[in-house]
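Here are a few worked exercises to try with the structure open beside you. Have a go at each task before you read its solution.

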Amino acid sequence: MNELAIKDLLYKLADDQLILGHRNSEWTGFGPILEEDIAFSSMAQDKIGHSLAFYTLLQELGEADPDTVAFTRNANQFHNSQLVELPNGEYDFSLIRHFLYDNAEIIRFEMLSQSSYEPIAKVATKLKGEVKYHVLHANTWIKNLGSSTEEAILRLQSSLNEALPYALGMFEKSKYEQELVDTGVYAGEEAVKAEWLKRISAVIEKTDLKLPDLATIEPKFGGRYGEHTEHLQPLLDEMAEVFKIDPTAEW
Amino acid sequence: MYGGGNVFEATKFDDVQVEDPVKLEEFEARIARGEKIEPTDWMPELYRKQLIRMIEQHAHSEIIGALPEGTWITRAPGFRRKMAQMAKVQDEVGHAQLLYSAAETLGKSREQMLTDLINGKSKYSNVFNYPAFTWADSNIISWLIDAGAIVNQMANAKGSYGPYSRALERICAEEAFHLKYGHDAVVHMATGTPKQREMIQAALNRWWPPIMTFFGPSDKMSTHTETLMRWKVKMASNDECRQQFLDMYVPKIWELGLTVPDPKLKKNMETGQWEYTEPDWDEFKRVINGDGPCNAERLAVRRTAEERGAWVRRALLNPKAKYVKPLA
């Protein structure tokens with residue numbers, strides 16, 4: 001198996017989880033109700049834990065240790081989709097992003113749990129049970145708020161329209177895409193996207209929201225190749241603020 | 001974290017209403033027997049009022065206390081600290097949820113309590129009106145403020161009101177982990193690089209005066225606690241808690257080679273009591289009444305969060321909303 005292809009996949013998975021986990025954690029103390037504050041914090045802990053699991057696999061493949069990898073790279077060395085690095089905005093945006101992201105992530109985890117690459121299969125099998133709850137949380141809230149007040153529906157619709165180009169950017173293909181598919185690592189991004197569309201449509205249909213025609217939307221690609229919005233570097237600077245005081249120190 | 005009943009102002013005893021003497025006697029007898037009072041049981045109005053105030057202010061302390069430490073979640077150095085800091089602060093918000101529920105059993109809604117917080121009508125633990133300048137400040141809070149809270153809450157967990165006492169038992173179990181986490185983080189700093197040692201000493205210097213006021217004014221200055229003690233609303237005096245805290249933690253601070261910024265601090269071996277420089281109670285009063293370094297900022301953050309989240313709460317209350325019950 002091509003190790004570079006595996007590493008590329010692992011970086012993508014780990015960086016997505018780390019950056020979204022970080023964003024989720026920013027809700028601590030600011031949620032619209034305490035229960036949501038707590039829920040976003042729970043998901044943040046899961047996601048950052050997932051990223052650590054993938055960075056640990058990378059370390060086993062010869063990359064630097066997880067702390068060094070997570071806390072010392074620059075934005076252009078990150079492989080996350082641009083969707084996850086966008087600021088939290090209002091709760092409607094964070095919720096929509098969470099819904100669009102986790103419905104894709106669960107599919108990737110489900111596929112990877114069957115992967116021909118055993119270390120990933122093991123980790124994905126263990127973690128997908130947690131992502132299941134993230135999806136349940138997102139779908140519950142979308143169904144609930146998406147059919148409530150006019151104000152809530154308008155907010156969610158506008159956030160959905162805003163987030164979709166970035167959400168489509170999640171499915172940007174790796175340069176090793178064909179190889180990953182051919183060697184049975186997972187079915188690839190096209191397959192993830194097709195299943196994702198089915199699942200999010202099924203939820204949105206139960207609400208007063210409308211899913212725009214995806215064919216008319218230009219995906220925001222680039223994240224998987226280190227091209228990011230202006231929001232990622234400040235996030236990373238903040239994350240490494242203490243760590244960089246002395247990277248050799250034990251904190 | 002974070003608070004405990006002792007730090008809060010007591011209800012004015014002029015408010016005492018004339019209660020049915022037979023019921024009052026029965027109520028006091030139950031408490032004397034060590035029974036818990038439950039939400040639907042008869043209770044004196046003053047008991048209800050004082051408990052609402054105490055529990056509510058404790059709950060506020062949890063969510064306001066999440067702010068200075070929350071700032072450091074996104075800056076925590078390394079995975080181990082980042083995960084622990086998130087879990088710790090999440091626990092605190094969870095405590096607020098538990099406590100607001102306990103207070104609601106006495107007849108005041110969470111929304112009303114939060115409104116009173118934002119309007120400045122109800123208080124929260126005064127220490128959170130001080131800033132957490134560095135990562136080290138956050139470590140000192142996790143260790144010593146949580147330690148203080150445990151001293152307070154362990155005492156209050158033996159109190160007479162069932163829902164509060166049960167909530168405190170659960171809270172104390174989690175706080176025990178926070179204490180270990182905070183201590184571990186401080187140990188790493190205190191035994192780390194010269195820069196880390198300098199950071200943690202500076203943070204201790206900044207936090208010591210607020211820590212000394214954490215348990216509230218000296219007993220000499222508090223009045224009207226006798227009835228509250230008899231009703232097992234207040235379980236230990238402010239000075240008792242302060243002494244217990246000093247007894248437990250000053251040796252641990254010294255063990256780490258850190259200096260407590262109070263030249264007068266020492267244990268009097270004859271009396272068994274700690275002697276210390278009397279905290280600046282004028283400053284304490286000034287800060288608790290709104291004029292501290294962070295009062296305005298803390299409330300502004302809370303107000304913004306409430307305003308930004310208002311549409312969600314309105315949507316949840318909307319009768320059109322179809323509640324979707326999770327199936328797993």
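A quick heads-up before starting: this is a predicted model.

**Exercise 1. Lay out chain A**

Task: work out which secondary structure elements chain A has and in what order they run.

Solution. Start by counting: chain A comes to 10 helices and zero strands. Walking from the N terminus, the order reads α-α-α-α-α-α-α-α-α-α. Next, look at the overall dimensions, where the C-alpha trace spans about 55 × 45 × 30 Å along its principal axes. Then check the radius of gyration: a compact globule of 251 residues would come out near 18 Å, and chain A has 18 Å, so the two agree. Finally, turn to the packing. Buried residues make up 52% of chain A, and of its contacts with a separation of 6 or more, 76% join residues 24 or more positions apart.

**Exercise 2. Do the same for chain B**

Task: find how many helices and strands chain B has, and where the strands fall in the pattern.

Solution. Chain B has 11 helices and two strands. Its pattern along the sequence is α-α-α-α-α-α-α-α-α-β-β-α-α, which puts the strands after α9 and before α10. The C-alpha atoms fill a box of roughly 65 × 60 × 40 Å. For 328 residues, the compact-globule value is near 20 Å; chain B has 21 Å, which agrees. Burial stands at 45% of the residues. Among contacts with a separation of 6 or more, 80% are between residues 24 or more positions apart.

**Exercise 3. Follow one core residue**

Task: decide whether Leu99(B) is buried or exposed, and list what it touches beyond its sequence neighbours.

Solution. First, place the residue: Leu99(B) is in helix α3 of chain B. Second, count neighbours. There are 28 C-beta atoms inside 10 Å, and the cut-off for buried is 20 or more, so Leu99(B) is buried. Third, leave out residues up to four places away; what remains is Ile55(B), His58(B), Ala59(B), Glu62(B) and Ala167(B). Fourth, zoom out: Leu99(B) is among the residues with the most contacts inside the largest nonpolar core, along with Leu51(B), Ile55(B), Ala103(B) and Ile140(B). That core has 157 residues, and helix α5 (residues 135–156) of chain B supplies its largest share, 12 residues.

**Exercise 4. Check a long helix**

Task: compare the end-to-end reach of α6(B) with the expected value, then say which helices its buried residues pack against.

Solution. Helix α6 covers residues 162–190, or 29 residues. From first C-alpha to last it reaches 41 Å, close to the 42 Å expected at 1.5 Å a residue. Its buried residues include Ala167(B), Ile171(B), Glu175(B) and His178(B). The packing partners are α2, α3, α5 and α7 of chain B.

**Exercise 5. Read the interface**

Task: how many residues does each chain bring to the contact, and which element of chain B gives the most to its side?

Solution. Chain B brings 44 residues and chain A brings 47. On the chain B side, the elements giving two or more residues are α2, α3, α7 and α11, with α3(B) giving the most at 12 residues. By type, the chain B side divides into 23 nonpolar, 12 polar and nine charged residues.

**Exercise 6. Spot the odd backbone angle**

Task: where does Lys232(B) sit, and how exposed is it?

Solution. Lys232(B) has phi near 55°, a positive value in a residue other than glycine. Its place is the loop between α8 (226–230) and α9 (238–255) of chain B. With 19 C-beta neighbours inside 10 Å, Lys232(B) counts as partly exposed.

Note on methods
Residues are numbered from 1 along each chain as its sequence is written. Chains are lettered from A and ligands numbered from 1 in the order in which they are written. This is a predicted model: local features need pLDDT of at least 70, side-chain atom pairs count only at pLDDT 80 or more; totals for chains, interfaces and linings use all residues. Two residues are in contact if their C-beta atoms, placed from the backbone, lie within 7 Å. Helices (H or I, at least four residues) and strands (E, at least two) are DSSP runs, numbered from the N terminus. Ala, Val, Leu, Ile, Met, Phe, Trp, Tyr, Cys and Pro count as nonpolar, Asp, Glu, Lys and Arg as charged, and the others, Gly among them, as polar. The radius of gyration is taken over C-alpha atoms; the globule rule is 2.2 Å times the number of residues to the power 0.38. A residue is buried if 20 or more other C-beta atoms lie within 10 Å of its own, exposed if 12 or fewer, and partly exposed in between; C-beta atoms are placed from the backbone. A nonpolar core is a set of buried Ala, Val, Leu, Ile, Met, Phe, Trp, Tyr and Cys residues joined through C-beta atoms within 7 Å. The expected span of a helix is 1.5 Å times one less than its number of residues.
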